[in-house]
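Here are my notes on this structure, set out as numbered points for someone in a first year of study. Please keep the sequence and the model in view while reading.

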Amino acid sequence: MKQITAIIKPFKLEEVREALAACGVTGLTVTEVKGFGRQKGHTELYRGAEYVVDFLPKVKVEVVVKSQDLDGCIDAIVKAARTGKIGDGKIFVTNVEKVVRIRTGEQDDSAV
């Protein structure tokens with residue numbers, strides 16, 4: 001099993017959720033986060049004063065999938081989240097050693 005962590009632009013969340021649902025993903029976790037990558041933030045003008053916004057709002061989407069579903073889910077996220085502009089985000093993939101569904105005690109593939 002693999003955990004996919006995708007950092008995306010907030011307005012792309014619904015498209016990514018729909019794309020993952022089409023891949024058969026039944027559950028995911030979403031967290032509002034702030035950060036920056038190569039774009040290093042930007043400057044804004046507020047009441048005549050210019051200030052630097054170092055940390056940009058992003059959304060972190062986390063989902064655990066079976067290893068055989070990994071490539072399809074990654075492709076779906078990339079297609080749904082891409083705008084072609086800087087700051088589209090990143091995807092990280094990590095191994096998941098064990099999963100336990102608390103309610104039933106199911107483990108691993110049956111718990112996903």
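1. Read from the N terminus, the elements of the protein chain follow the order β-α-β-β-β-β-α-β, where helices (H or I, at least four residues) and strands (E, at least two) are DSSP runs numbered from that end. The radius of gyration, taken over C-alpha atoms, is 17 Å, well over the 13 Å that the globule rule (2.2 Å times the number of residues to the power 0.38) gives for 112 residues, so the chain is more spread out than a compact globule. Along its principal axes the C-alpha trace spans about 60 × 25 × 20 Å.

2. This is a predicted model, in which local features need pLDDT of at least 70 and side-chain atom pairs count only at pLDDT 80 or more, while totals for chains, interfaces and linings use all residues. Residues are numbered from 1 along each chain as its sequence is written, and side-chain values use heavy atoms, with hydrogens and water left out.

3. The largest nonpolar core (buried Ala, Val, Leu, Ile, Met, Phe, Trp, Tyr and Cys residues joined through side-chain atoms within 4.5 Å) has 17 residues, and those with the most contacts inside it are Ile4, Ile8, Val16, Leu20 and Val65. At least two residues of this core come from each of strand S1 (2-8), helix H1 (13-22), strand S5 (56-65) and helix H2 (70-81), with H2 giving the most, six residues. Buried here means under 20% relative accessible area, with a 1.4 Å probe and protein chains only.

4. Apart from its neighbours within four places in sequence, Leu20 is in contact (heavy atoms within 4.5 Å) with Val25, Leu28, Val61, Cys73 and Ile77.

Notes: Buried means under 20% relative accessible area, exposed over 50%, partly exposed in between (1.4 Å probe, protein chains only).
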